[in-house]
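Student: Could you take me slowly through one part of this structure, looking closely at how aromatic rings sit together and what surrounds them? I would like one connected explanation that I can follow while looking at the model.

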Amino acid sequence: MSPFHLDFNKCPIAPYEHQKVGIEALVDNPVFALFDEPGAGKSKQVIDAAMYLWEQRQIDRVVVVCPSPVKPVWADPELGQLSRYLWPDTPCLISEYHSKLKQWVFGPESKDPLRWIITNYEYLRDAKRLKEVMSKVGEKTLLVLDESSAVKTARTQQTRACRKLRKKCGRVVLLNGTPIDHSPLDMYSQGNMMSPNILETPNLQLFRARYCIMGGWQGREVVGWNNLNDITVRFAPYVLRRLKKDCLDLPEKMEPVTITATLTPATWKVYREMRDDLITWLNKSTASVAPQTITKVMRLAQITSGFIGGIEDQGLGDETIPDYVETEPAMFQGSWFPREITNTVKVIGDEKLKVFLQWHREQLFMNPNFKCVVWCRFRNEVERLRTALKDGKHPEVEVGTIWSGPKDEREHAVRLMNPYTAPEGPALLVGTPATGAFGLDFTAADTAVYMSNDRRLLIRIQSEDRLHRPGQTRVVNYFDVIACGPRGQKTIDHHIIKTLWAHRDLAEMTTSGWIDVLSEE
């Protein structure tokens, strides 16, 4: 219990009971992590705790580092978290560090306000910009690393930059709804970012020696784990992890339902040819999980969505992870994830598109004010679906897009599904989950459709929870559009969905496992 009495009546929005516990923990502990499930209100707990810490003169500023797509969630003067949760009687100066410095004032005028610096991980990769931010921090700075998976890989430039920043800040908070989205190895860098005294493994070799069972190709792959309970015990004093079902009274979250799109014989022929080539390649591969495997598998997923081309192999090994891998949007997609080259894509089919448009017309017939979020793994899917919706038979449906497009386009899309700004009539948001699945409030909608899926469990969980969070008043429904062959044959879509539903990461599948699922029809 904090030695200071925390008067929760000061909060403009009263915290839930679990949030009160989290706020007290943040005030009491200069090193802490909130690993609550997405939607449990981690950012609110941080903001309220910062207000108390400023009152007690324990901090004079807060530095929030987050993924670039999440930055408006903090810094937007109208819809951002700060605007919603800051105390009206507390003077604050908010500075957004991007290509240009933006500032706005909240609360009464003061010569000594609580200063907020909002920036993103990619910004800190530049040495000059990092030096500028570091010049403004000190022992009375609270450093907040939002979506701390961004610093789970110790060797990346942005992790090194955050580590330098952390050393100058007196307090640190990690926020992450999915702290382990791949393996327990994710906790190595996150733990050391908080304090080296937690794990007492100053280097990766020592961490592996204590917790990993090594094997596989040349003995360099993690094939199992030891002493995992020791990790839990070491983190326990520094972490809170609460699930929404245990602390919030939310409407039901339904299990996903599939919508089947049957591929034409022409599309199926292209799919089978590439699938058979992949099986041949896998049979010749010497490594149990080759870096190129994920790229080639995603090509198959691209074909089921009606495209071919636009993805190039990276050929990346575990020792040669480039810096762009850990920045948005690729940050959330794993070190083996391919880049997309949009100017070399060829359209080969529209089976999923037709099925979705028919399904959407049926929903509008039943509910003229129907609002829906549609997630697409590929940017070409987003563009084609957006065009089809705008040129379709329902011009009254307002369409918004979240992808790597203009900022005003993104802001319009966010407002379509935010309960405070959503229009009265029908609306549809289409986007890529890697750029829209984190930190946003889409509770004006109660339905999400996945035209295709990212391979990572973290992406799926985060994108689902944009709709299932505080403020949602209706049962939330999820649909997966899955392609099958002309006679109902299974495709890679079935196995991606099966893996996600089983809460497993596709990157952990062995080569033999891929051969088995690809050969199944």
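Tutor: Let us start with F207 and Y211, which both lie in helix α10, residues 204–211, and are four residues apart, about one turn of the helix. Please keep in mind throughout that this is a predicted model. The ring centres of F207 and Y211 are 4.9 Å apart and their planes stand at 55 degrees, and because planes over 60 degrees apart would count as edge-to-face and those under 30 as stacked, this pair is called tilted. As for their surroundings, F207 is buried, and Y211 is buried as well.

A second pair, W375 and F442, has ring centres 6.3 Å apart and planes at 35 degrees, so this pair too is tilted. Here W375 belongs to strand β14, residues 371–375, whereas F442 sits in the loop between α18 (433–436) and β17 (447–450), so the pair ties together parts that are 67 residues apart in sequence. Both W375 and F442 are buried.

Searching the whole structure gives 10 aromatic pairs, and one aromatic cluster is formed by F356, W359, F370 and F479. Aromatic rings also meet charged groups: the charged end of R460 sits over the ring of Y450, at 3.8 Å from its centre, and in the same manner the charged end of R57 sits over the ring of W54, at 4.5 Å from its centre.

The strand that holds W375, β14, leads us to the sheet, an open one of six strands in the order β11-β18-β17-β14-β16-β15, paired in parallel. At its edges stand β11 (257–262) and β15 (398–402), each with a single partner strand, so one side of each is left without a neighbour in the sheet. Neighbouring strands of this sheet are turned against each other by 20 degrees on average, if direction is ignored. It helps to recall that strands of a sheet pair through backbone hydrogen bonds, either parallel or antiparallel.

If you now follow the edge strand β11, you will find that β11 and β18, which covers residues 477–484, pair in the parallel sense over six bridges, and that T262 stands opposite C484 in β18. Across β11 and β18 lies helix α20, residues 492–501, which runs at about 150 degrees to β18.

Notes. Residues numbered from 1 in each chain as written. Predicted model: local features only at pLDDT ≥ 70, side-chain atom pairs only at ≥ 80, totals over all residues. Heavy atoms only, no water. Pairing = 2+ DSSP bridges. Helix = DSSP H or I, 4+ residues; strand = E, 2+ residues; numbered from the N terminus. Axes fitted to C-alpha atoms, helices over the stretch in contact; angles between N-to-C directions. Contact = heavy atoms within 4.5 Å. Phe/Tyr/Trp six-rings, centres within 6.5 Å; stacked < 30°, edge-to-face > 60°. Buried < 20%, exposed > 50% of the residue type's maximum accessible area, 1.4 Å probe, protein only. Lys NZ or Arg CZ within 6 Å of the ring centre and 35° of its normal.
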